[in-house]
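I open these notes to record what I looked up in this structure, one topic at a time. My aim is to leave a path that a newcomer can follow.

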Amino acid sequence: MPVAGIDIGSLSTEVVILDKGKVLSEIIIPTGANSKTAAEKAMQMGLEKSGLSLDNLQHIIATGYGRVSAPFAHDKVTEITCHGRGAFYLEPGVRSVIDIGGQDSKVIRLNSHGKVVDFVMNEKCAAGTGRFLEVMAHALEVDLSEMSRLAQLAKNAVTISSMCTVFAESEVVSLIAEGRPLEEIVKGIVASIVERTVAMANRVGLEEKVMMTGGVAKNAAVVKELQESLGMKVTVPREPQSVGALGAALLAEEALGNKEGQNR
Ligand SMILES: Nc1ncnc2c1ncn2[C@@H]1O[C@H](COP(=O)(O)OP(=O)(O)OP(=O)(O)O)[C@@H](O)[C@H]1O
Ligand SMILES: [Mg+2]
C-alpha cells in the first residue's frame, strides 16, 4: 500500500513515496515563489518515478512551513516530529537532531524510542540559517560549495560581530574592502552559524548520537566546525534534505496501519 510524505520548505520541497518501508521515489526541487505549484510538481514527479497515480497513494502527510499548500495531503504534521521520525529511522541510536534549513533552525531531542522529548527553534531571524549562508555567498560572489571549500582552507576566522543578517552582510562587504583574506571571512561566517547552533543545542541539552538534517548539512565546513565546537560526532545521512519528507512518509505508513487495524 503506497504512501507519501511531502516537506514543503521555504527553499526546497521534497517528496518521498514508500511502499511497505521501501523507498519508491525521492524528489527534491526548489520551492520557488509558489509553494502550492512546487508541492504539486514534486508530487507529480514522485508519482511518475514510482509508476503510480495520486489515487494509488493510501495516505499522504505534509510537513514544512508550506504544509497548508498541499491540498492532496490527508494530514499535516510538524517538521519537528517528521525530522525526528526520519532521523531515528535512518539511525536508530539517534538522540539529537539538528535541522538547519533555509529559514529556520531547530535542535530536537529524542528518547530511546525515538519520540520527541524537547526542542528549540529559531524562526525569528535568518542569522544561523541557510539563508544567511546564501546572502553571504552572494556578497562574496562565490557559490555555496566554494564557501565550504574555502572555509576549510582557512587557519584563522574573522569575527563577524553583527547579530543580524542585514548588518552582517555590510560587515562582510567592509571586510572584503579592507582586504581581509576571503577564506578567513568565510570561516568567520561558518563560525557565526555554528555559534548560534551550539547556543540552541546548549538550551535543549544535546545527547549523542547527533544527526544533522536539512540542506545546510550538505555544507561540510559547517558540519566539521559544529563537531569541533560540540566535541561530539555529528552524522549526516546520505540525503539530509529529504529526512523531513521521509519522516512524514513513515508517519503516513503508521497512520495507515492504525486505520487498517481499526477496520479489522
Ligand atoms: N549542495 C549544497 N551545498 C551546501 N549547502 C546547501 C546545498 N544544498 C542546500 N544547501 C543549503 O541548504 C539550505 C536550504 O535547506 P533546506 O532545503 O533544508 O531548507 P528548507 O527545508 O526549504 O527550509 P526551512 O525548513 O527553513 O523552511 C540553503 O539555504 C543552503 O544554505
Ligand atoms: Mg526544512
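Entry on the ligand. I bear in mind throughout that this is a predicted model. I began with the shell around ligand 1 and found that helix 3 (130-140) and helix 4 (144-153) each supply at least two residues of it. Which helix gives the most to this shell? I noted that helix 3 does, with 4 residues. I then listed the shell as a whole, which has 23 residues, and wrote down G9, S12, G101, G130 and G215 as those that come nearest to ligand 1. Sorting the shell by class, I recorded 5 nonpolar, 14 polar and 4 charged residues.

Entry on the domains. I looked up the domain assignment of the chain, which gives domain 1 (1-91 + 239-264) and domain 2 (95-236). The contact between them takes 15 residues from domain 1 and 22 residues from domain 2. On the side of domain 1 that touches domain 2, I saw that helix 2 (residues 79-90) provides the largest share, 7 residues, and that the residues of this side divide into 6 nonpolar, 7 polar and 2 charged. I also noted that the centres of the two domains, taken over C-alpha atoms, are separated by 27 Å. Where does ligand 1 lie with respect to domain 1 and domain 2? Both domains give residues to the shell around ligand 1, so I wrote that it lies between them.

Entry on the core. I turned to the largest nonpolar core, which has 73 residues, and copied out A4, I6, V15, I60, V190, A248 and A249 as those with the most contacts inside it. This core draws at least three residues from each of domain 1 and domain 2. I followed I60 a little further and, leaving aside its neighbours within four places in sequence, found it in contact with V3, A4, I6, F72, A73, H74 and A252.

Entry on the sheet. I traced an open sheet of 5 strands, with the order 3-2-1-4-5 and mixed pairing. Its edge strands are strand 3 (22-30) and strand 5 (75-76), each of which pairs on one side only. Strand 1 (residues 3-8) and strand 2 (residues 12-19) run antiparallel and are joined by 6 bridges. To fix one place in this pairing, I noted that G5 stands opposite V16 in strand 2.

Entry on two single residues. Is G46, in helix 1, buried or exposed? I counted 25 other C-beta atoms within 10 Å of G46, and since 20 or more are needed, G46 is buried. Not counting residues up to four places away in sequence, G46 touches A4, V15, I17, S25 and I27. The C-alpha atoms of G46 and R109, which are 63 residues apart along the chain, are separated by 30 Å.

I then went to N56, which is found in the loop between helix 1 (35-50) and strand 4 (59-63). With 15 C-beta neighbours inside 10 Å, N56 counts as partly exposed, because that class lies between the limit of 12 or fewer for exposed and 20 or more for buried. I last noted a separation of 31 Å between the C-alpha atoms of N56 and D99, which are 43 residues apart along the chain.

Technical notes. Residues are numbered from 1 along each chain as its sequence is written. Chains are lettered from A and ligands numbered from 1 in the order in which they are written. This is a predicted model: local features need pLDDT of at least 70, side-chain atom pairs count only at pLDDT 80 or more; totals for chains, interfaces and linings use all residues. A nonpolar core is a set of buried Ala, Val, Leu, Ile, Met, Phe, Trp, Tyr and Cys residues joined through C-beta atoms within 7 Å. Domain bounds come from an automatic or database domain assignment. Two residues are in contact if their C-beta atoms, placed from the backbone, lie within 7 Å. A residue is near a molecule or strand if its C-beta atom, placed from the backbone, lies within 6 Å of it. Ala, Val, Leu, Ile, Met, Phe, Trp, Tyr, Cys and Pro count as nonpolar, Asp, Glu, Lys and Arg as charged, and the others, Gly among them, as polar. Two strands pair if DSSP finds at least two bridges between them.
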